Amino acid sequence: MRSRWIILIVILAGAAVTAFAAGMAAFCAVAGRDSSVFGSRVGVITVKGPIISADDAVRDIAAMKRDDGVKAVVLRIETPGGSVGASQEILEAVRLLAEVKPVVASMGSIAASGGYYLACGATKILANPGTITGSIGVRMEHVAIGDLLRWAKVDVETLKSGRYKDIGSIDRPLGPEEKEILQGVLDELREQFKGTVAAARNLPMEKVDALADGRMFTGTRAVELGLVDGTGGFAEAIKLAAELGGIKGEPELSYPKKRGGWIKRMMEAAGGAAGSLAASADDHWRPAMKM
């Protein structure tokens, strides 16, 4: 009778050890995918599509900065640019992250204007040979539809507290003084862009000035000009980030946590777009500065 109890205890103990081992194996498998689990990993943050808001990117960057298990970060850039202010906010967040851990900017098919601007905050920049990048400069568009509104018998009345408060209104063309004012703002923003590039890439301002006329470059040409450190795709960027972060062997990747389901994300995106639309309408559809 006693021997039967001993055998039963041994069997139960073996089952417990097996279950514990299986649980640890599953835990380790999840660790490679979950940014909340400890371990030496390479974080991946993606900036994709037109840059309209900095909120999500800045939040993801801050999370990677706090995660001690993330030893280096790859900033995957796939954008033609966008809002000046949002681009500057993301750039500053990337700079602060690069002060704590290595950041490798990985350019996809396009990383132009504001997309290149973000890359300037990284420790290293890689681009594919055929990546479209550069386009250093700032632009804006103004559409005047006053004749169309009059044809449709739509009257537009504007009450304002200052002479230039309605600058850029769509119901009339820009006057000479208004063009001069807006051009001055564009020139100032261009100087800010140039200064960022010159400092980040350690290039003389004269060289940057010659390149900052809005032209685009391939990744190969950008390397030759000193705007990019080397050519390589996402895999090469991960490898470089791992080396800079002191990670041995094949690194595990860590992605930002998704905020809610796809329906919630769609609603947030729609809400953000509606908010931008309302703000634009409230400001007389004033043209926006873009980079």
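What follows is a chat between a visitor and a guide about the structure shown above.

Visitor: Before we start, what kind of model is this, and how are residues numbered?

Guide: This is a predicted model, in which local features need pLDDT of at least 70 and side-chain atom pairs count only at pLDDT 80 or more, while totals for chains, interfaces and linings use all residues. Residues are numbered from 1 along each chain as its sequence is written, and side-chain values use heavy atoms, with hydrogens and water left out.

Visitor: Okay, how many helices and strands are there?

Guide: The chain has 10 helices and 8 strands, where helices (H or I, at least four residues) and strands (E, at least two) are DSSP runs numbered from the N terminus.

Visitor: And how much of the chain is buried?

Guide: Of the 291 residues in the chain, 37% are buried, where buried means under 20% relative accessible area, exposed means over 50%, and partly exposed is in between, with a 1.4 Å probe and protein chains only.

Visitor: Which strands does β1 pair with?

Guide: Strand β1 (residues 41–48) pairs with strand β2 (residues 70–79) in the parallel sense over 8 bridges, and 3 bridges join β1 to strand β8 (residues 252–254), again running parallel. Two strands pair if DSSP finds at least two bridges between them. On the β2 side, Val44 has Val74 as its bridge partner, and on the β8 side Arg41 stands opposite Glu252.

Visitor: How does the chain get from β1 to β2?

Guide: It crosses through helix α2 (residues 55–66), and this β-α-β crossover is right-handed, meaning that, with the strands pointing away from the viewer, the path from the first strand over the helix to the second runs clockwise.

Visitor: Is β1 enclosed or open, and why?

Guide: Strand β1 is largely enclosed by the rest of the structure, because 6 of its 8 residues are buried.

Visitor: What about β3, which strands does that one join?

Guide: Strand β3 is joined to β2 by 6 bridges, to β4 by 4 bridges, and to strand β5 (residues 132–134) by 3 bridges, and each of these pairings is parallel. Bridge partners include Thr79 with Ala111 in β3, Val104 with Lys124 in β4, and Ala112 with Gly134 in β5. The strand is mostly covered, with 8 of its 10 residues buried.

Visitor: Let's switch to the helices: which residues of α9 are buried, and which are exposed on the other side?

Guide: In helix α9 (residues 234–244), Ala237, Ile238, Ala241 and Ala242 are buried. Seen down the axis of α9, these buried residues fall within an arc of 135 degrees, so they line one face of the helix; the arc is that of the directions from the helix axis to the C-beta atoms. The face turned away from the buried side carries the exposed residues Ala235, Lys239 and Glu243.

Visitor: What do the buried residues of α9 pack against?

Guide: They pack against β1, β2, β3 (103–112), β4 (124–127) and β8, with contact meaning heavy atoms within 4.5 Å. Just after α9, Gly246 takes a positive phi of about 75 degrees.

Visitor: Which residues touch the most other members in the largest nonpolar core?

Guide: In that core of 51 residues, they are Ile90, Met107, Tyr116, Val197, Leu227 and Met289. Helix α3 (residues 84–98) gives the most to this core, with 7 residues. A second, separate core of 11 residues includes Val44, Val74, Val104 and Ala237. A nonpolar core is a set of buried Ala, Val, Leu, Ile, Met, Phe, Trp, Tyr and Cys residues joined through side-chain atoms within 4.5 Å.

Visitor: How many aromatic pairs does the structure hold?

Guide: It holds 1 aromatic pair. The rings of Tyr117 and Phe193 have centres 4.8 Å apart and planes at 85 degrees, so the pair is edge-to-face. Rings of Phe, Tyr and Trp (its six-membered ring) pair if their centres lie within 6.5 Å, and planes under 30 degrees apart count as stacked, over 60 as edge-to-face and the rest as tilted. Tyr117 and Phe193 are both buried.

Visitor: Last one: is Lys194 buried or exposed, and what is it in contact with?

Guide: Lys194, which is found in helix α6, counts as buried because its relative accessibility is 4%. Leaving aside neighbours within four places in sequence, Lys194 is in contact with Met205, Val208, Asp209 and Ala212.
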